[in-house]
Amino acid sequence: MKRITQIINLKNLLLKFTSNMDTRIALPELMYLSPTTREKAVAIAQDLLRRNNISPREAVSKAILIAKNWAVKNVNRRVWKKLKSIEKEII
């Protein structure tokens, strides 16, 4: 029961943060992420809480790292595709 309460509390905290980015920031770590990466981090944090027996704070920290890595790979993939298309145009 305690675990379910933690998940619900974190979910509410994350939803409050994503829908209300005013002067009060629930999780300041999320403030520095792009909206897409932030959404990914929220989804990952919720998934980590459901699957693993870790604290909400740990779940958010791990989720942010995973989401940042995902974003970097995503950008690198787009840059690589753009470079390939430019290379084909030159040839």
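Which helix does Ala71 lie in? In this predicted model, Ala71 is part of helix H4, the stretch that covers residues 56-90. That makes a handy starting point for a walk through the chain as a whole, its helices and a small group of charged side chains.

Taking the overall layout first, the protein chain has four helices and zero strands. Read from the N terminus on, the elements simply go α-α-α-α. The chain counts 91 residues, and 26% of them are buried. As for the outside, about 6900 Å² of the protein chain is exposed, with carbon and sulfur atoms supplying 57% of that area. Contacts along the chain tell a bit about how the sequence folds back on itself: take the contacts between residues at least 6 apart in sequence, and 49% of them turn out to join residues at least 24 apart.

Back to Ala71, then. Is this residue of helix H4 buried or exposed? With a relative accessible area of 18%, Ala71 comes out as buried, because the cut-off for that label is anything under 20%. Ala71 also gives a nice example of two residues brought together from separate parts of the sequence. Thr37 sits 34 residues away along the chain, yet the C-alpha atoms of Thr37 and Ala71 are just 6.4 Å apart. Thr37 itself falls within the span of helix H3, which runs over residues 35-51.

Helix H3 is also where the charged side chains come in. Side chains of opposite charge can pair when their charged atoms come close. How many salt bridges does the structure hold? The count is two, and Asp47 takes part in both of them. One links the side chain of Asp47 to that of Arg50, at 3.9 Å from N to O. The other pairs Asp47 with Arg51, where the closest N and O atoms are 3.3 Å apart.

Why do these partners line up along the helix? Asp47 and Arg50 are three residues apart in helix H3, so about one helical turn separates them. Asp47 and Arg51 are four residues apart in helix H3, and that again puts about one helical turn between the two. Through the shared partner, the salt bridges join Asp47, Arg50 and Arg51 into one network.

The members of this network can also be described by how much of each is accessible. Asp47 is partly exposed, at 26% relative accessibility. Arg50 counts as exposed, with a value of 56%, and Arg51 is exposed too, at 66%.

Conventions: Residues numbered from 1 in each chain as written. Predicted model: local features only at pLDDT ≥ 70, side-chain atom pairs only at ≥ 80, totals over all residues. Heavy atoms only, no water. Buried < 20%, exposed > 50% of the residue type's maximum accessible area, 1.4 Å probe, protein only. Salt bridge = Lys/Arg side-chain N within 4 Å of Asp/Glu carboxyl O. Contact = heavy atoms within 4.5 Å. Areas by Shrake-Rupley, 256 points an atom, 1.4 Å probe, with all protein chains shown as cover.
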